[in-house]
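Dear colleague,

Please find below the structure that I am handing over to you. My findings follow after it, grouped by topic.

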Amino acid sequence: AMTAHSFALPIVLFSAFWGLVGIAAPWFVPKGPNRGVIITMLITTAVCCYLFWLIAILAQANPLFGPQLKNETIWYVRFLWE
Amino acid sequence: MGSLFRSEEICLAQLFLQSASAYSCVSELGERGLLEFRDLNPHVSPFQRRFVGEVRRCEEMEKTFTLGSPARPRALSEHEPILDPSVHQHLERKINFVAGVIHPWRVSAFERLLWRACRGYLVATFVEMPEPMEDPATGESITWVIFLISYWGEQIGQKIRKISDCFHCHVYPYPESEASRADTMSGLQSQIQDLSVVLEETEQYLAQVLDKVVLALPTWWVQVQKMKAIYLVLNQCSFDVTEKCLIAEVWCPVRDLTQVQDALRQGSYKSGSSVECFVQRIPTTESPPTLIRTNKFTAGFQSIVDAYGVASYQEVNPAPYAIITFPFIFAIMFGDVGHGLIMFLFALWMVLYENSPSLRQASNEIWLTFFEGRYLILLMGAFSIYTGFIYNECFSKATVIFPSAWSVATMANHSSWSSAYLATHPLLTLDPNVTGVFQGPYPFGIDPIWSLATNHLNFLNSFKMKMSVVLGIVHMGFGVLLGVFNHLHFKQRHRLVLELLPEMIFLLALFGYLVFLIFYKWIKFSAADSLVAPSILIHFIDMFLFTSNAENLPLYPGQVPVQTVLVVLALASVPVLLLGTPLYLWCRRRAPRMGHPTAVGTGEQEPLLEGQEAGNSVNVTKEDVESGGHSPDAEHLDFTEIFMHQAIHTIEYCLGCVSNTASYLRLWALSLAHAQLSEVLWTMVMRNGFVRLSYAGGAVLVPVFAAFAVLTMAILLVMEGLSAFLHALRLHWVEFQNKFYVGAGYKLCPFAFAPDTWE
């Protein structure tokens with residue numbers, strides 16, 4: 001089926017999620033010898049994963065061309081997915 | 001952050017050990033494993049050192065422990081006469097006998113000679129001994145041959161005896177009469193019995209003793225090795241003038257100085273000496289070893305950083321960031337949910353059973369390598385699952401978690417794609433310009449429709465190349481920024497302005513701008529202007545050449561002047577990078593010499609050579625960080641060297657920015673290779689198992705799946721895994737670390753009775 005995907009909602013949701021991981025969670029890491037390492041890991045993970053996801057969604061936001069499909073694919077997708 | 005961020009502070013210290021308590025003090029220190037001893041007698045050969053006798057004794061004891069069971073002494077038992085030469089043809093003549101034992105190799109020669117010499121007058125019989133016995137002369141175990149020669153005639157007898165002498169036979173008396181022969185035999189039998197009883201009891205006793213020793217052997221072994229280690233350490237100390245005190249020079253972490261004092265106190269107490277040994281810190285200009293304390297999780301990541309080069313003393317350590325960036329970069333090249341899951345589960349098994357001795361003490365080196373890196377593989381698998389979801393690949397198949405954004409029906413209705421039309425057109429493209437065909441970007445990852453499209457590589461290649469470039473520039477920018485910590489720590493604030501700033505300007509003005517162009521084009525240009533969409537690559541090249549291409553429309557108004565400014569800025573930063581620091585150092589050098597009390601930057605305490613205070617903890621001079629090694633003659637600064645070093649650094653950096661950015665394209669290349677291999681395994685192996693929808697088809701599926709599984713493991717997990725591991729490592733070691741890392745240090749090797757050696 002083809003549902004309209006909003007662009008703003010994923011942006012808000014994922015930014016909030018990785019923001020929680022990378023900005024909020026570091027404050028709650030318990031004190032101990034590994035506190036610094038854990039905080040570094042949280043921030044690095046958040047930056048890497050968020051950036052990777054962002055690149056994927058921005059690359060598809062305004063496609064300059066569309067997929068080229070075989071006629072069989074068109075036939076069954078047309079009736080199966082929609 | 002403490003230990004993982006940069007090396008701990010290490011100081012040079014002197015231990016003053018009383019001769020009487022030196023051994024027990026060193027033993028205590030060895031138990032705790034805190035210090036590294038320095039050799040104070042490097043010019044003394046090992047044979048001339050003070051405790052060479054003790055070391056030799058320890059080594060001899062070690063040798064006896066490694067010998068197997070000692071060779072058991074063999075008693076020579078008499079041979080048993082086997083033959084009974086009852087039949088003899090010449091009844092009239094008296095028959096005599098010669099009996100003996102001969103070496104088996106000489107038998108044929110002996111026989112021949114006997115035959116030639118005494119033909120017809122003797123009968124010789126040779127029998128091999130049932131079991132080999134030891135030759136008393138040489139100690140070899142030989143299967144002797146027993147011979148019995150019956151002859152008649154005195155002369156023949158003499159000849160035979162002479163011949164047996166020549167052949168070194170052992171001749172034994174052979175009694176004439178039957179009765180005495182029987183007596184001799186029974187006598188010999190009882191002798192054999194007695195001897196064997198004695199042998200048995202001796203062996204039993206020996207076995208008991210050996211059993212007891214075997215129980216105690218490991219402890220003795222440990223003790224001897226500890227003793228040898230202690231004496232080797234004591235050999236490295238020097239005696240003071242009064243010969244009552246041993247002086248040792250050690251590298252010691254500052255944090256552990258109290259523990260060291262404690263150990264010395266205990267050692268003195270144990271040896272019953274009244275005078276205490278003590279430790280004293282001494283200043284030094286040498287570069288101390290690096291100590292970074294790790295736990296079982298961080299050890300793996302630290303080891304892959306150390307494999308390239310151990311961090312110079314107190315420079316910033318790339319390991320805490322590599323904990324995440326290394327698995328992430330690996331995952332970009334390996335992205336597949338299925339493969340990532342297998343890798344993750346394998347590593348999880350290793351982690352959950354990490355304390356099992358069968359896993360830990362395996363002798364297979366390859367397994368041990370994997371086991372040591374279990375946390376690495378765990379993170380690599382986890383991130384691969386994530387990137388697999390973004391790439392939307394699970395064993396090369398896409399998952400439709402959210403409905404696809406592309407509407408085939410709308411396109412079909414718009415362009416009236418009837419069944420007849422479809423039959424005549426094998427390939428048709430969806431046009432995003434048509435309203436309703438494209439309905440907004442897929443919220444998480446790549447849209448599943450692309451896995452069905454024949455032109456999916458056109459889209460994916462563009463996406464992955466841009467992704468690689470963006471991530472590469474971000475990674476490198478982060479590396480340059482890490483240099484800030486070094487400049488601040490080593491009190492070289494001028495490098496912030498004279499090196500870091502031009503480096504960042506060069507990187508961001510050119511490549512940061514490229515990242516901006518990529519993002520801008522993604523956001524601003526859509527299918528409506530797809531025919532006239534500008535090419536970023538052409539714009540980038542034109543930017544450097546200061547030309548313009550009429551057919552390539554600008555991305556935004558005012559692009560050309562902006563780009564000109566950026567290029568000029570970048571070019572201007574090159575001479576600053578090249579000459580800034582050397583000129584600054586030159587000026588600082590000249591100012592005090594010319595007697596000008598120029599204020600050399602308020603608040604800056606560059607610990608240059610003249611400013612070195614005695615008793616300071618070790619500070620690394622600028623030269624140490626740049627040359628990465630020891631700074632032998634601190635007073636003499638060679639300016640040609642500084643200029644040359646800076647020139648090399650500038651050229652390396654500027655050219656490196658370009659080539660390293662391109663180098664990150666391997667992220668695209670390897671992920672493409674992985675995806676294509678995955679697809680091949682699906683289309684050419686696994687899909688053939690689903691051809692027949694019958695019970696026979698089910699039977700075919702089993703071997704097909706077996707082939708698919710084996711090939712997946714061997715090619716995609718092992719080969720591609722190792723390949724992506726290697727390339728991720730290279731990107732870290734070269735492209736990332738050459739922006740800030742020197743890596744010319746050496747590790748602190750504390751003197752310790754390491755527990756794993758004694759297992």
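**Charges over rings, and what surrounds them**

In chain B, the ring of B:Phe371 has the charged end of B:Arg374 sitting over it, 4.4 Å from the ring centre. Another such arrangement involves B:Tyr391, whose face is covered by B:Lys464 at 4.5 Å from the ring centre. Please bear in mind that the model is predicted.

**Aromatic residues**

Over all chains, the count of aromatic pairs comes to 50. In one of them, B:Trp682 and B:Phe690, the ring centres are 6.2 Å apart and the planes stand at 40 degrees, so the pair is tilted. The limits used here are under 30 degrees for stacked and over 60 for edge-to-face, which means that 40 degrees falls into the remaining class. B:Phe690 has a relative accessible area of 42% and is therefore partly exposed.

One aromatic cluster draws on both chains: A:Phe14, A:Phe17, A:Trp18, A:Tyr50 and A:Trp53 join B:Tyr386 and B:Phe444 in it.

**Annotated transmembrane regions**

For chain A, an unreviewed UniProt entry places the feature "transmembrane region" at residues 6-29 and 36-59. In the model, residues 6-29 of chain A are 71% helix and 0% strand, with the end C-alpha atoms 35 Å apart. Residues 36-59 of chain A are 100% helix and 0% strand, and their end C-alpha atoms are likewise 35 Å apart.

For chain B, UniProt (unreviewed entry) gives the feature "transmembrane region" at residues 328-352, 373-391, 467-488, 500-523, 565-586 and 693-719. Residues 500-523 of chain B are 100% helix and 0% strand, and 31 Å separates the end C-alpha atoms. For residues 693-719 of chain B the figures are 93% helix and 0% strand, with 34 Å between the end C-alpha atoms.

**Nonpolar cores**

The largest nonpolar core contains 124 residues, and the members with the most contacts inside it are A:Phe52, A:Ile55, B:Ile323 and B:Phe463. Helix α16 of chain B (residues 494-524) supplies the largest share of this core, with 15 residues. A second core, separate from this one, has 30 residues, including B:Cys25, B:Phe51, B:Val250 and B:Leu257.

Which residues does B:Phe463 contact, leaving aside its neighbours within four places in sequence? They are A:Ile55, A:Ala56 and A:Ala59 in chain A, together with B:Tyr391 and B:Ile446 in chain B. B:Tyr391 is also the residue whose ring face lies under B:Lys464.

**The surroundings of B:Thr298**

B:Thr298 is located in helix α7 of chain B, which covers residues 298-308. Is this residue buried or exposed? With a relative accessible area of 5%, B:Thr298 is buried, because the limit for that class is under 20%. Not counting residues up to four places away in sequence, B:Thr298 touches A:Val37, B:Leu4 and B:Ile323. B:Ile323 is named above among the residues with the most contacts inside the largest nonpolar core. B:Thr298 and B:Tyr375 are 77 residues apart along the chain, with 8.4 Å between their C-alpha atoms.

**Chain B as a whole**

The secondary structure of chain B consists of 22 helices and 12 strands. Chain B has 759 residues, of which 45% count as buried. Among its contacts between residues at least 6 apart in sequence, 79% join residues at least 24 apart. Chain B exposes about 39,300 Å², and 62% of this area is supplied by carbon and sulfur atoms.

With kind regards

Methods:
Residues are numbered from 1 along each chain as its sequence is written. Chains are lettered from A and ligands numbered from 1 in the order in which they are written. This is a predicted model: local features need pLDDT of at least 70, side-chain atom pairs count only at pLDDT 80 or more; totals for chains, interfaces and linings use all residues. Side-chain values use heavy atoms; hydrogens and water are left out. Rings of Phe, Tyr and Trp (its six-membered ring) pair if their centres lie within 6.5 Å; planes under 30 degrees apart count as stacked, over 60 as edge-to-face and the rest as tilted. Buried means under 20% relative accessible area, exposed over 50%, partly exposed in between (1.4 Å probe, protein chains only). A charge sits over a ring if NZ of Lys or CZ of Arg is within 6 Å of the ring centre and within 35 degrees of the ring normal. UniProt positions are given in the numbering used here, feature names are shortened, and annotations may be inferred rather than shown by experiment. Helices (H or I, at least four residues) and strands (E, at least two) are DSSP runs, numbered from the N terminus. Contact means heavy atoms within 4.5 Å. Accessible areas come from the Shrake-Rupley method with a 1.4 Å probe; for residues, only the protein chains shown count as cover. A nonpolar core is a set of buried Ala, Val, Leu, Ile, Met, Phe, Trp, Tyr and Cys residues joined through side-chain atoms within 4.5 Å.
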